[in-house]
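Okay, thanks for coming, everyone. Let me put the structure up and then we'll walk through a few spots.

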Amino acid sequence: MKMQHLTTLLLSVFLFSNSGDAVSCRRLTRMSVSQSQQQSVSPAFPTNIKWTPDSWRQLPIKQPPNYPDETKVKEVEAKLSKAAPLVFAGEVRTLQEELAKASSGQGFLLMGGDCAEAFSEFSVNHVRDTFRVILQMALVLTFGGSMPVIKIGRMAGQFAKPRTEPDEVRGSVALPSYRGDIINGEEFSPESRVHNPQRMLDAYHQSSQTLNILRAFAMGGYADISRLHAWNLDFVENLPAGSRYREMSSKVDESLRFMKAIGVDTRSPTFTQCNFYTAHECLLLPYEQALTRQDSITNRWYDCSAHMLWVGERTRQLDHAHLHFVAGVGNPVGIKVSDKASPEELLQLLSAVNPDNIPGRVVVIVRMGAEKLRQNLPKLIRAVQREGRSVLWCSDPVHGNTIKTDNGYKTRPFERIRDELRAFFDVHAEMGTHPGGVHLEMTGENVTECIGGNVDEVLVEDLSRSYQTTCDPRLNGNQALELAFLIAERMRLAQGLQPLFNCPI
């Protein structure tokens, strides 16, 4: 038992066991379909079009911007095409190797960050706080689940958002919907809502700064495992979740002292640095194309705006531009699926994006709501198993659980998020498959946007206190950390280990 306990403690250091090199890490086609129309499944993926960074322009596209001046668009694209890449091909390949291990049950993916980044909210402290909470969550998951955790931030590029309706109506005034800061402004005025290509350059420069900050934190000692107690955020220090976190930190400290005593150098990069990757939704294709580069080593094309991209249900039609684009780049790709996705459609998507069935290439991000997930996810898993497809299954428990309160706030109940996570783990336990990750909209700041939680509970009447999101509601740091404890317990149960905190989902 002592040896088993020591092994569990030592496994916690694998949170920081990576080398650190990941973060050391126009014409738009007018074949657009109305954004208010319901998505339909396309009959076939086009194989008669040779892929190039701009070949997507030959296909119909959904959710395109409507720029008024094509000349300015081309000028911005030219500038971006000559700009330095934000990430590098070697980093992307390292991420795919880690995702491949996770897809075989040897790791867990943690994705987290803002619903949509905003120019006005950018600051070093904002980036640091989200980075810190993700690392805190990753430590909980690594120690509790006894496996490496891949850390990806919805950061340094998550600026664009799809919209159900092209226009927003207030009273008798109709203006283009807010599509994220990379396209137009949030202020409800004709000037702000014009689609402006200059914003792509602004997004690039902010992404560059964000990545510089992340690299500095990941490689410069901020991620030192021996500084765990200094990481506690002010709003969890005196709360039960904070107490459990400090209790776990003390156990890790014990293992560190033991390793120092036997001569292990805890000042090495293994203990002081970590891999941290970035991802965003592949939505604004002119921006993505302009930052696509050909790797000088492999001659493969990589979208160097982020390490990983994902496509949502609004834009992943088989014969449309977005899926065609991601199929040609070497980045790992996330495919979001809801209860509307059939097993046949999912298999077609996997064949299109990953025809060679390369492990680590595709992450299937499931967003359904608890009840629909229990009904529909088993069918998808069976189809993938039957065809021998390699995927990493990831839960997005927030998007399918959005409600609107009587006082007009869009929110997400913590209990519904927890219920969907429970359903995700239950289904995989029944199917004998690996629940490989979680994708959360969250922030390190003490916002009040999602209601509920057992620690410092947010009530409906609290929403107005600190409702800061420019898009969808986010979990605050306290709620995100509580979820990490709950997920870690289910990870332990899945491996036949004894619970640590007696609070499984």
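So, to start: is C471 buried or exposed? C471 is buried, at a relative accessible area of 11%; buried here means under 20% relative accessible area, exposed means over 50%, and partly exposed is in between, with a 1.4 Å probe and protein chains only.

Before going on, a word on what you're looking at. This is a predicted model, where local features need pLDDT of at least 70 and side-chain atom pairs count only at pLDDT 80 or more, while totals for chains, interfaces and linings use all residues. Residues are numbered from 1 along each chain as its sequence is written, and side-chain values use heavy atoms, with hydrogens and water left out.

Now the overall picture. The protein has 14 helices and 14 strands, taken as DSSP runs numbered from the N terminus: H or I of at least four residues for helices, E of at least two for strands. Of its 505 residues, 61% count as buried. The accessible surface is about 19400 Å², and carbon and sulfur atoms hold 49% of that; those areas come from the Shrake-Rupley method with a 1.4 Å probe, and for residues only the protein chains shown count as cover.

Back to the cysteines. How many disulfides does a search of the whole structure find? Zero, with a disulfide taken as a pair of cysteine sulfur atoms within 2.5 Å. C471 is in no disulfide, and its nearest cysteine sulfur, from C115, is 3.2 Å away. C304 is another buried one, with a relative accessible area of 5%.

Next to C471 in this story is T469, in the loop between β14 (437–441) and α14 (477–494). T469 counts as buried, at 13% relative accessibility. Its side chain reaches the backbone nitrogen of C471 at 3.0 Å, which fits our polar contact rule: N or O atoms within 3.5 Å, one able to donate a hydrogen and the other to accept it within protein, and residues adjacent in sequence counting only if both atoms are side-chain atoms. Leaving out residues up to four places away in sequence, T469 touches E449 and R474, contact being heavy atoms within 4.5 Å.

Let's move to helix α2, residues 70–82. Its 13 residues should span 18 Å at 1.5 Å a residue, and the end C-alpha atoms are 19 Å apart, so that agrees; the expected span is 1.5 Å times one less than the number of residues. Which residues of α2 are buried? V73, V76, E77 and L80 are. They cover an arc of only 100° around the axis, so they sit on the same side of α2; the arc is that of the directions from the helix axis to the C-beta atoms. The cover over them includes α6 (198–219), α9 (285–290) and β6 (292–294). On the face turned away from the buried side you'll find K79 and K82, which are exposed. And D69 caps the N-terminal end, with a side-chain oxygen 3.0 Å from the backbone nitrogen of T71.

Last stop, a couple of loop residues. S146, in the loop between α4 and β2 (149–154), has a phi near 55°, a positive value in a residue other than glycine. S146 counts as buried, at 14% relative accessibility. N357 also has a phi near 55°, and N357 is partly exposed, at 24%.
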